[in-house]
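User: I am new to this structure and would like to learn how to read its features one at a time. Could you take me through them, giving the general idea before each case?

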Amino acid sequence: MSRIGNWPISIPENVEVNITDNNVVEVKGPKGELKQSVKPEIKVRVEDNSIYFERSSDLKRIKALHGLYRALVNNMVIGVSEGYKTVLELAGVGFKAQNSGQLLELSTGHSHSVFIELPEEIKVQTITERGKSPTIILESFDKQLLGQVVAKIRSLRKPEPYKGKGIRFAGEIIRRKAGKTAIAAAK
């Protein structure tokens with residue numbers, strides 16, 4: 001459970017990491033700035049361009065926190081240096097996606113268009129090509145926020161197993177089910 005917590009995180013050269021007195025890890029990089037508070041049971045230290053996490057005891061809860069905080073800080077370091085990107089496809093007849101700034105407009109078979117105001121930390125781009133499904137590209141340095149926004153967008157029209165219509169990840173394979181079968185009345 002806590003093997004991940006023992007791995008050090010290497011800090012890229014363009015990323016700056018600070019640890020405050022009240023155990024808050026601040027990560028600054030070219031893409032943005034993130035903060036994460038760490039429980040006092042986990043000690044965080046920066047040495048030789050690496051971040052190390054040490055736990056105070058071997059209780060199961062503290063072992064879980066050890067791996068959790070290491071993973072969260074690692075996601076922060078990757079986010080501010082490289083960033084995260086998610087590509088969504090709208091599969092369905094008449095499904096459309098448009099954006100104007102941070103406002104995303106989706107037409108996914110409802111009687112009305114759905115408008116979603118995206119946070120400033122997320123960059124959105126919509127692509128509509130003839131003969132292909134509309135595509136939404138979301139980029140951010142905050143992995144948690146990006147995942148939350150993607151989950152919200154997908155919840156508007158989840159991919160269904162019969163025709164495969166809905167909002168899905170690019171390259172996602174939807175397990176298909178057979179529909180109703182006609183029972184031939186031979187009598």
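Analyst: Let us begin with exposure, keeping in mind that this is a predicted model. A residue counts as partly exposed when its relative accessible area falls between 20% and 50%, and G179, with a relative accessible area of 49%, is therefore partly exposed. G179 lies in the segment after β13, and its C-alpha atom is separated by 6.3 Å from that of Y162, although the two residues are 17 residues apart along the chain.

User: Is H66 buried or exposed, and in which element is it found?

Analyst: Buried means under 20% relative accessible area, so H66, at 1% relative accessibility, counts as buried. H66 is found in helix α2, and the side chain of H66 reaches the backbone oxygen of F53 at 2.9 Å.

User: How many residues does helix α2 have, and what follows it?

Analyst: Helix α2 runs over residues 60-81, which makes 22 residues, and reaches 32 Å from its first C-alpha to its last, close to the 32 Å expected at 1.5 Å a residue. After α2 comes G83, whose phi is positive, near 90 degrees.

User: Which residues touch the most other members of the largest nonpolar core?

Analyst: In soluble globular proteins, nonpolar side chains tend to be buried together. Here the largest nonpolar core has 21 residues, and V27, I51 and F53 touch the most other members. At least two residues of this core come from each of β3 (24-28), β5 (42-47), β6 (50-55) and α2, with α2 giving the most, eight residues. A second, separate core has 20 residues, including A97, L106, I122 and L138.

User: What does F53 touch, leaving out residues up to four places away in sequence?

Analyst: With those left out, the residues that F53 touches include G5, I9, I42, H66, Y69 and V73. F53 is also the bridge partner of V44, in a pairing where β5 and β6 run in the antiparallel sense over six bridges. The hairpin of β5 and β6 has two residues between the strands, and in this hairpin D48 takes a positive phi near 50 degrees. Strand β1 (residues 9-10) likewise pairs with β6 in the antiparallel sense, over two bridges, and S10 stands opposite S50 in β6.

User: What is the order of the strands in the open sheet of four strands?

Analyst: Strands of a sheet pair through backbone hydrogen bonds, either parallel or antiparallel. In this open sheet the order is β11-β12-β7-β13, with antiparallel pairing. Because β11 (123-127) and β13 (166-169) stand at the edges with a single partner strand each, one side of each is left without a neighbour in the sheet. On average, neighbouring strands of this sheet are turned by 25 degrees against each other, direction ignored. Helix α3 (residues 143-155) packs on the sheet, touching β7, β12 (135-140) and β13, and its direction makes about 5 degrees with that of β7.

User: How many bridges join β7 to β13, and how many pair β11 with β12?

Analyst: Four bridges join strand β7 (residues 84-91) to β13, where I167 is the bridge partner of L90. β11 and β12 pair over five bridges, and the bridge partner of T126 in β12 is I136.

User: Where do the side chains of β11 point?

Analyst: Along β11 the side chains alternate, with V124 and T126 pointing to one face and being buried, while K123, Q125 and I127 point to the other and are not buried.

Terms used:
Residues numbered from 1 in each chain as written. Predicted model: local features only at pLDDT ≥ 70, side-chain atom pairs only at ≥ 80, totals over all residues. Heavy atoms only, no water. Expected span 1.5 Å × (residues − 1). Core = buried A, V, L, I, M, F, W, Y, C linked by side-chain atoms within 4.5 Å. Buried < 20%, exposed > 50% of the residue type's maximum accessible area, 1.4 Å probe, protein only. Contact = heavy atoms within 4.5 Å. Pairing = 2+ DSSP bridges. Axes fitted to C-alpha atoms, helices over the stretch in contact; angles between N-to-C directions. Polar contact = N/O pair within 3.5 Å; in protein donor to acceptor, adjacent residues only side chain to side chain.
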